[in-house]
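Take a look at the model below. Turn it around a few times before reading on.

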Amino acid sequence: MVNATARTLPDLTVGELSRRSGVPASALRFYEDEGLIRSRRTAGNQRRYCRDALRRVTFIRMSQRVGMPLSKIREVLALLPDDRTPTRADWARISRCWQEDLNARIRQMEQLRDELTGCIGCGCMSLAKCRLANPGDRLGAEGPGPRRLPDHRGEGYED
């Protein structure tokens with residue numbers, strides 16, 4: 001006798017996947033166009049998603065929420081097996097891929113939190129005139145954009 005959890009459940013339509021995930025159908029089609037999720041087509045050319053797509057969509061949304069670009073999300077999702085449902089170990093393995101990147105982002109956000117108030121709070125609103133943070137506008141000579149905050153790789157300028 002086959003237990004209920006071993007039964008094969010039907011694939012999801014785009015509307016069902018949208019309702020279950022909370023992601024608009026247009027975004028699901030975009031994710032598919034970008035190679036982040038896959039569907040099969042019925043004889044009537046309707047999309048059908050395997051139930052694993054729900055986990056992948058959740059992973060995509062959570063990854064976007066922490067600022068991961070779709071290109072990085074695609075790279076990591078490519079590490080998941082195509083021929084079977086990803087296991088907890090599979091998900092743990094891909095989550096380790098981003099630990100260093102996420103730690104760098106956390107450090108960047110902490111630095112932004114710690115330095116933004118001081119910079120804006122000084123009242124000058126001009127780095128060219130700020131004698132404390134930028135004497136003689138030395139940072140302006142290094143080029144446009146923020147110079148004291150790290151870039152997306154966690155590298156940056158220190159005073």
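Leaving aside its neighbours within four places in sequence, which residues is Phe59 in contact with? The contacts are Ile73, Val76, Leu77, Trp91, Ile94 and Trp98. Keep Phe59 in view, as the report returns to this residue. Remember too that the model is predicted.

## The overall plan

Start with the whole chain. The protein chain has 159 residues, and buried residues make up 26% of them. Six helices and two strands are present. Read along the sequence, the pattern is α-α-β-β-α-α-α-α.

How do distant parts of the sequence meet? Consider the contacts between residues at least 6 apart in sequence. Of these, 51% join residues at least 24 apart.

## The nonpolar core

Next, the inside. In soluble globular proteins, nonpolar side chains tend to be buried together. The largest nonpolar core here has 23 residues. Those with the most contacts inside this core are Leu17, Leu28, Tyr31, Phe59, Ile60, Ile73 and Leu77. Four helices give two or more residues to the core: α2 (25-33), α3, α4 and α5 (88-96). Helix α3 gives the most, with five residues.

Phe59 is found in helix α3. Its relative accessible area is 15%, so Phe59 counts as buried, the cut-off being under 20%.

Leu77 is found in helix α4. Leu77 is also buried, with a relative accessible area of 5%. Not counting residues up to four places away in sequence, Leu77 touches Leu36, Arg56, Phe59, Ile60 and Trp91. Phe59 and Trp91 are both on that list. Leu77 and Trp91 are likewise among the contacts of Phe59.

Tyr31 is another of the core residues with the most contacts. Leaving aside neighbours within four places in sequence, Tyr31 is in contact with Val23, Leu36, Ile37, Val57, Ile60, Arg61 and Gln64.

## Apart in sequence, together in space

Some pairs can be compared by their C-alpha to C-alpha distances. Try finding each pair in the model.

| Pair | Apart in sequence | C-alpha to C-alpha distance |
|---|---|---|
| Leu77 and Phe59 | 18 residues | 9.0 Å |
| Phe59 and Trp91 | 32 residues | 9.4 Å |
| Arg55 and Trp91 | 36 residues | 9.9 Å |

The last row brings in Arg55, which lies in helix α3. Arg55 is partly exposed, with a relative accessible area of 48%. Not counting residues up to four places away in sequence, Arg55 touches Thr85 and Trp91. Trp91 is also one of the contacts of Phe59.

## A buried charged residue

Is Glu32 buried or exposed? Glu32 is buried, because its relative accessible area is 17% and the cut-off is under 20%. Its place is in helix α2. The side chain of Glu32 makes a polar contact with the side chain of Arg47, at 2.8 Å. Leaving aside neighbours within four places in sequence, Glu32 is in contact with Ile37, Ser39, Arg47 and Tyr49. Ile37 is also among the contacts of Tyr31.

## An unusual backbone angle

Now turn to a loop. Most residues other than glycine have a negative phi, and most peptide bonds are trans. Asn45 has a positive phi of about 65°, although it is not a glycine. Where is Asn45 placed? Asn45 sits in the loop between β1 (40-41) and β2 (47-48). Asn45 counts as exposed, because its relative accessibility is 51% and exposed means over 50%.

## The largest pocket

Last, the empty space. Rolling a probe the size of a water molecule over the atoms shows where empty space is left. The largest pocket has a volume of about 350 Å³. How many residues line the largest pocket? The lining has 19 residues, and Ile37, Arg38, Cys50, Arg56 and Asp82 lie nearest the centre. Helices α3 (52-65) and α4 (70-77) are the elements that give two or more residues to this lining. The largest share, three residues, comes from α3.

What kinds of residue are these? The lining divides into eight nonpolar, two polar and nine charged residues.

Helix α3 therefore turns up twice: it gives the most residues to the core, and the largest share of the pocket lining.

Technical notes. Residues numbered from 1 in each chain as written. Predicted model: local features only at pLDDT ≥ 70, side-chain atom pairs only at ≥ 80, totals over all residues. Heavy atoms only, no water. 1 Å grid on protein atoms, 1.4 Å probe; cavity = no way out; pocket = protein on both sides within 12 Å on 5 of 7 lines; lining within 4 Å. Points joined across faces, edges and corners; volume = space filled by probe spheres on them. Nonpolar A, V, L, I, M, F, W, Y, C, P; charged D, E, K, R; others polar. Core = buried A, V, L, I, M, F, W, Y, C linked by side-chain atoms within 4.5 Å. Buried < 20%, exposed > 50% of the residue type's maximum accessible area, 1.4 Å probe, protein only. Contact = heavy atoms within 4.5 Å. Polar contact = N/O pair within 3.5 Å; in protein donor to acceptor, adjacent residues only side chain to side chain.
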